[in-house]
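Let us read a model together. Look it over, then go through the turns below.

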Amino acid sequence: MRKALCMLLAAVMLLGSAMAAPVGYTPAGATKNCFFYGENGYTVEYRYDYETMLPQTMQGYIDNYNTHLSGDELEVYFYFVNNSRSMDFTLDNSGENDIYADLMSRLTCVDHHDALDIHSMAEYERLFYQTDHHWNHIGAQQGYEDILRLLGVEDEPIQPVEEVVFDAVYNGSYVKRTGVKNATEHFAVYRYDLPECKVTISGRAKKIGRADAYFSGKYSKDILATHYATFYGGDYGEIVYDTGMTDRENLLILCNSYGCSVRELVGRHFNKTFVVDMREYMSQTGKSMKIHEYLEKNNITKVLILGDVSYFLYGKKLY
C-alpha cells in the first residue's frame, strides 16, 4: 500500500511538472522546460529564468571574464546566439533582447558585440532545427556573416556551393529529452568549397566531422542519429586552424557547441584561429586555461566569445 501510494505521488508530481507550461506552450512529455510551440511542430525551450540564474551562477563567470579579458592591448568581441532559451514567443520581441542587453551591460571586457537577428517564431523556424537547440545551416551562415562584420573582416563571406538535403529525418537533442520522436524535417547542410587549411586538435593533426562521408552517401538513417555533432564534429577542448596567411592576425574563439558549424568558416579569414570550448579544454588537454599565457604564447590580439545564454552557465573559468 505504501509503495503504491509513493508511486501515485511520484506520478502526480511528474504530471504536474509536465503541465507547468507558460500560456501558449504545450508541454513536451514530462521534460522540464521543453515545449511544443507554433504550427509546425517545433520543440523549443522557454526563456531561461535569467533573473534567478544571474546571481546564482552567471555573475561569477561574467566577473571572471571581466577580470581576465580586460586590457588595452586586447580586442574582445561577443556574438550572442539568440534562441528560444532567451525568448518568450508569446510576447512582442521586436526590440533588442533583454537578456542580451543585460549581458552586454555586465560584460565590461567586451569592446564590440552583436546578436543573431531573431524576433519571432517565424524567424526562429527559419534559422533553427525543428527538434534541436542548435541553429541550422541557414542560421549558421547568418551567424558567420554577422561575425565577420563584427570582427571587422573585409573579406567577402564564403558562400555555399549548394544546399544538400540528406535522406534522413533529424530527431535532434530535444527528442532525446522528451522521448517524442516527432521530427518531420530532413537533415540539411550547405556544401562549401573551402581553401586548404591545416587543422589540429589538442596539437594533433586530425580531420573534424564526417562531411565527406555524408556527401558520399555514408551516414546513419537511425531515427536518433546525432547528425549535427557527427557532420560538423563534436565539442573539442582546442582546435587550431592554420591558413598560413602570416600577414593576418591570430584569433581566439571561446565558444560552446554553436561554434561547431561556423568555426571552419571563420577560421579561413585569419592566420591562425584557436577555437576553445572551456567545458572540454581541461579534460582533453590536461591543462587549465591560463588565458594570459595562452594569448601571449600564440600572439593573439582578438578574442571572440560565441554562444547563447547558456554559455555563462555551464563553462569553466579562466585563470
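**Reading the fold**

Q: What share of the residues of the protein count as buried?
A: Buried means under 20% relative accessible area, exposed over 50%, partly exposed in between (1.4 Å probe, protein chains only). Here 52% of the 319 residues count as buried.

Q: What kind of model is this, and how are residues numbered?
A: The model is predicted: local features need pLDDT of at least 70, side-chain atom pairs count only at pLDDT 80 or more, and totals for chains, interfaces and linings use all residues. Numbering runs from 1 along each chain as its sequence is written, and side-chain values use heavy atoms, with hydrogens and water left out.

Q: How many helices and strands does the protein have?
A: Both are DSSP runs, numbered from the N terminus: helices are H or I of at least four residues, strands E of at least two. The protein has 12 helices and 13 strands. Its radius of gyration is 21 Å, close to the 20 Å of the globule rule for 319 residues, so the protein is as compact as a globular protein of that length. The radius is taken over C-alpha atoms; the rule is 2.2 Å times the number of residues to the power 0.38.

Q: Which strands are the edges of the open sheet with the order E1-E2-E3?
A: Two strands pair if DSSP finds at least two bridges between them. This open sheet has 3 strands with antiparallel pairing. Strand E1 (26-27) and strand E3 (42-44) are the edges, each pairing on one side only. Strand E2 (residues 35-37) pairs with E3 over 3 bridges, in the antiparallel sense. Phe 35 stands opposite Val 44 in E3.
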